[in-house]
Amino acid sequence: MAGGRLALWNECQPEYLAEYETWYAGEHLPERLSLPGWVRGRRYENAGEGPGFFTYYEVSTPQDLIAPLYLERVNNPTPLTHRIMSLAFRNMSRTICSVAAVTGRMRGAWAVTQTGSSAGDLSWLDKKTGLARAELWREADLSAPDQNTEARLRGGDTTVSNCLFIETLRRSDAEDIAAGLPGAQIFRFLCELEAERR
């Protein structure tokens with residue numbers, strides 16, 4: 001199945017939250033979505049326990065995430081990115097993924113993530129009320145650099161082997177699905193940016 005995802009979970013130091021949000025909206029999302037092959041970026045805020053934020057980028061292929069232009073960006077961050085990455089980010093998990101399975105066609109206001117899930121059959125979700133979309137992501141088999149300048153500024157990143165990503169219409173739908181998924185986290189949608197059509 002075609003398609004790549006960059007899956008990110010992180011916390012933010014509270015004293016830098018306003019600056020973090022300004023940077024994301026004013027610089028970081030537009031910069032990333034200007035790169036070839038980058039389609040969409042979506043951000044979420046944790047609605048319960050666990051990391052404060054979940055962000056994912058949709059790219060045409062996982063190889064877009066090791067392309068020379070992108071690697072040049074992550075190894076030469078802007079001054080503001082340098083500041084935010086070194087001061088605001090905490091407990092970063094970052095994984096380049098390929099899309100293994102998809103069900104549903106809509107986008108939802110709530111998201112559930114479960115890392116470590118390796119099941120490829122998503123048909124059980126079709127019976128769930130309020131399901132918008134579900135995707136199974138697997139860590140892409142790429143010869144990607146282990147770390148880059150941005151990762152070093154954050155203190156190093158962890159990765160996940162698989163991620164089950166589910167979007168629902170309402171929080172109650174997300175809670176119902178998460179109840180059956182050990183270790184699942186619930187997130188509220190914050191914003192989305194799509195690449196300008198070229």
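G130 is a good place to start: apart from residues up to four places away in sequence, G130 touches E167, T168, L169 and D173. Keep in mind throughout that this is a predicted model.

## Around G130 and helix α5

Where does G130 sit? Its place is the loop between β5 (110-115) and β6 (131-139). Buried means a relative accessible area under 20%, so G130, at 15%, counts as buried. G130 also shows how a chain can bring distant parts of its sequence together: its C-alpha atom is 6.7 Å from that of R170, although the two residues are 40 apart along the chain.

D173, one of the residues that G130 touches, belongs to helix α5 (residues 171-178). The buried residues of this helix are D173, A174, I177 and A178. They line one face of α5, because they fall within an arc of 130 degrees when you look down the helix axis. Those buried residues pack against three strands, namely β5, β7 (162-168) and β8 (185-194).

## The whole chain

Now let us step back and look at the chain as a whole. It contains five helices and eight strands. Reading from the N terminus, the order of elements is β-α-β-β-α-α-β-β-β-α-β-α-β.

How does the radius of gyration fit with that of a compact globule? For 198 residues, a compact globule would have a value near 16 Å, and the protein chain has 16 Å, so the two agree. The C-alpha trace spans about 50 × 35 × 30 Å along its principal axes. Of the 198 residues, 48% are buried. The chain exposes about 9,300 Å², and carbon and sulfur atoms supply 50% of that area.

Contacts tell a related story. Among contacts with a separation of 6 or more, 83% are between residues 24 or more positions apart.

The table lists three pairs that are separated along the chain, with the distance between their C-alpha atoms.

| Pair | Separation in sequence | C-alpha distance |
|---|---|---|
| G130 and R170 | 40 residues | 6.7 Å |
| L153 and I84 | 69 residues | 9.0 Å |
| A67 and L35 | 32 residues | 9.6 Å |

## Helices α1, α3 and α4

Helix α1 (residues 17-33) is not straight: it bends by about 50 degrees at Y24. Y24 itself is buried, and so are Y20, W23, H28, L29, E31, R32 and L33 in the same helix.

Helix α3 (residues 79-87) has T81, I84 and M85 as its buried residues. Why do they count as lying on the same side of the helix? They cover an arc of only 95 degrees around the axis, which puts them on the same side of α3. What do these residues pack against? Their partners are α1, β4 and α4 (149-154).

L153 lies in helix α4 and gives a closer look at this region. Leaving out residues up to four places away in sequence, L153 touches P77, H82, M85 and S86. M85 is one of the buried residues of α3.

## R40 and its polar contacts

R40 is in strand β2 (residues 38-46). Is R40 buried or exposed? Its relative accessibility is 13%, so R40 counts as buried. The side chain of R40 makes a polar contact of 2.6 Å with the side chain of E58. A polar contact of 3.0 Å links the side chains of R40 and E194.

Not counting residues up to four places away in sequence, R40 touches L33, Y56, Y57, E58, R107, E192, L193 and E194. One of these, L33, is among the buried residues of α1.

## Two less covered residues

N91 is in strand β4 (residues 89-103). Its phi is positive, about 55 degrees, although N91 is not a glycine. With a relative accessible area of 54%, N91 is exposed, because exposed means over 50%.

A67 is found in the loop between β3 (53-59) and α2 (68-75). At a relative accessible area of 24%, A67 is partly exposed.

How values were computed. Residues are numbered from 1 along each chain as its sequence is written. This is a predicted model: local features need pLDDT of at least 70, side-chain atom pairs count only at pLDDT 80 or more; totals for chains, interfaces and linings use all residues. Side-chain values use heavy atoms; hydrogens and water are left out. Helices (H or I, at least four residues) and strands (E, at least two) are DSSP runs, numbered from the N terminus. Buried means under 20% relative accessible area, exposed over 50%, partly exposed in between (1.4 Å probe, protein chains only). A polar contact is a pair of N or O atoms within 3.5 Å; within protein, one must be able to donate a hydrogen and the other to accept it, and residues adjacent in sequence count only if both atoms are side-chain atoms. Contact means heavy atoms within 4.5 Å. The bend at a residue is the angle between axes fitted to the seven residues ending there and the seven starting there. The radius of gyration is taken over C-alpha atoms; the globule rule is 2.2 Å times the number of residues to the power 0.38. Accessible areas come from the Shrake-Rupley method with a 1.4 Å probe; for residues, only the protein chains shown count as cover. The arc is that of the directions from the helix axis to the C-beta atoms.
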